[in-house]
Amino acid sequence: MIKDFDFKDLDNTYSNFKTKDLAEQLAVLQRQCTYMKIPVMIIVDGFESAGKGAVINDLVRELDTKHFIVHVFESLRYEDLVRPYTWRLWTRIPPRGDFAVFDRSHYHQVKMNADQSKEEIDKQLEHLLDVEDTLMNDGMIILKFFLNIKEETQTERLKVLEKDEDRDFLVDDFDRKENKNFKKYFKHYDYILEETNTFRAPWHIVSGENIKEASKCVLGLSIKEIQKGIDYLLGLKETGDIFVRDYQKNPTHLQELRTDLMLSKDKYDKKIDELQEEVQQLGYRLFKHKIPSVIVFEGMDAAGKGGAIKRLTKPIDPRGYRVNPTSAPSETENNRHYLWRFYMNFPKKGRMTIFDRSWYGRVMVERVEGFADIQEWERAYDEINAMEKELADFNTLVVKYFIYIDKEEQLERFKSRQKEKPYKLTDEDWRNREKWDQYVEAMNEMIDRTNTKEAPWVLIEGNDKKYARIKILEDFIQRAEAICQKNEIEKNEKEKKEKK
């Protein structure tokens with residue numbers, strides 16, 4: 001990548017064009033993307049003082065202001081540090097039909113820290129590439145530009161800025177650090193670019209030695225690549241190829257669960273207080289160790305998710321958790337990738353978010369009811385696994401509970417709700433029941449394909465609510481205790497090393 005870049009051998013195809021003409025061509029493509037609901041992400045990254053601001057100014061000069069936004073990725077904020085690595089990217093993705101221009105980018109965090117281990121860098125890059133693939137599979141066009149300059153050019157530009165009383169604020173400590181250690185950062189950036197230079201989202205290396213020429217080059221390449229992306233997406237629609245799945249299993253995880261397991265009221269009453277006291281203490285320990293928790297509750301309609309959540313959260317300080325009920329997506333949520341709304345609600349370190357239904361709607365309700373096409377819900381398994389792996393890599397306690405009741409028990413609960421709590425029973429519940437076998441098939445496949453080491457499914461026999469609630473409390477205690485102990489061991493080992 002940049003190690004092979006030759007500043008002497010440059011052929012800017014767009015040199016003879018006027019910047020204004022190129023900007024107007026880009027605006028025409030923007031209107032087409034808006035009409036076609038195609039989101040576009042343009043990343044302008046590179047060395048500090050390479051001309052990113054000027055290039056971005058020319059990029060957006062003719063764009064419709066209603067349909068673009070510029071995000072500046074500066075030094076990490078508190079909110080960025082206390083959530084998973086790609087949260088910073090997810091919260092800035094554009095809605096369908098809009099442009100998002102990034103000054104620096106989601107790579108800035110890993111770029112700034114050249115002293116990280118290769119293992120840590122690779123882990124962060126893996127998560128970023130997973131998200132880029134996820135967004136492109138959903139129809140987003142992603143362009144990545146890196147403005148390259150010589151060390152002496154950067155040095156001179158920083159001096160000019162520092163002498164300018166009106167612009168000296170543009171030079172910060174990192175700019176100076178990068179310039180002072182130019183060769184080190186050059187090598188670090190080259191590795192990042194090489195590892196994230198993909199066929200679908202390649203890095204375009206642009207000389208920043210002449211900023212006006214850099215603007216023309218970025219504009220021209222943006223026009224070319226966005227047109228190519230539009231043609232590709234149009235081609236996908238026109239071919240109408242039939243998608244053939246290669247999943248052959250027929251798992252029966254739910255049918256194999258025992259539905260006769262029960263717990264007497266005396267045993268329940270004896271256990272519940274003791275277990276909730278342990279949950280309370282663990283809630284404090286998770287907060288103390290700054291361990292975020294993501295707890296997912298899925299299950300059949302009327303399986304008792306709400307009651308189980310209530311028993312789990314009752315002893316926990318309400319300032320430390322949030323229950324996120326998942327219903328049909330709003331217009332704003334539907335205008336972005338389906339995982340966006342869940343990233344927006346992930347907890348920061350030390351906090352807990354409980355999802356009453358979740359992202360698994362994509363491979364259950366949306367699959368069965370036809371709200372997502374076969375390609376969308378088929379690729380969702382890998383997208384979900386990648387997201388949950390990132391959560392786990394961020395030291396998040398990820399637990400997923402699936403509460404199962406059999407068809408007869410569900411009917412009894414429906415009848416009971418109809419008499420006593422009609423507001424808890426909807427026409428949709430009855431319609432879903434008519435598709436029982438389809439839902440069970442989808443649920444079994446979901447469990448089979450997303451039961452991972454990082455985010456295991458815990459299947460709960462739910463015909464007896466007391467049994468189900470106790471099993472959930474006991475399991476949560478076991479998993480929370482394990483991650484707290486792991487953190488304590490790692491903390492002690494780190495302190496011993498620092499003392500040596």
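Helices α6 and α16 are roughly antiparallel to each other, because angles over 145 degrees count as roughly antiparallel, under 35 as roughly parallel, 65 to 115 as roughly perpendicular and the rest as oblique. Before I go on, this is a predicted model, in which local features need pLDDT of at least 70, side-chain atom pairs count only at pLDDT 80 or more, and totals for chains, interfaces and linings use all residues. Residues are numbered from 1 along each chain as its sequence is written, and side-chain values use heavy atoms, with hydrogens and water left out.

Back to the helix pair. Two packed helices are described by the angle between their axes and the distance between the axes. For α6 (residues 118–137) and α16 (residues 374–393), the angle is about 150° and the axes are 10 Å apart. Axes are lines fitted to C-alpha atoms, for helices over the stretch in contact, and angles run from 0 to 180 degrees between N-to-C directions. Helices here are DSSP runs of H or I with at least four residues, strands are runs of E with at least two, and both are numbered from the N terminus.

Which residues make the contact? On α6 they are K123, E126, H127, D130, T134 and N137, and on α16 they are R379, E383, A386, K389, E390 and D393. Contact means heavy atoms within 4.5 Å.

Now the sheets. One open sheet has five strands in the order β2-β3-β1-β4-β5, with parallel pairing; two strands pair if DSSP finds at least two bridges between them. Its edge strands, β2 (68–72) and β5 (203–207), each pair on one side only. Between β2 and β3 (residues 99–103) there are five bridges, and H71 stands opposite F102 in β3. Helix α2 (residues 52–60) lies across β1, β2, β3 and β4, at about 155° to β1.

Another open sheet of five parallel-paired strands runs β7-β8-β6-β9-β10. At its edges, β7 (321–325) and β10 (457–461) have a single partner strand each, so one side of each is left without a neighbour in the sheet. Strands β6 (residues 293–299) and β8 (residues 352–356) are parallel and joined by five bridges. Helix α20 (residues 465–499) packs on this sheet, touching β6, β8, β9 and β10.

Last, one residue. Is E445, in helix α19 (residues 436–450), buried or exposed? E445 is buried, because its relative accessible area is 3%, and buried means under 20%, exposed over 50%, partly exposed in between, with a 1.4 Å probe and protein chains only. Leaving out residues up to four places away in sequence, E445 touches R245, Y247, P251, R367, E378 and Y381.
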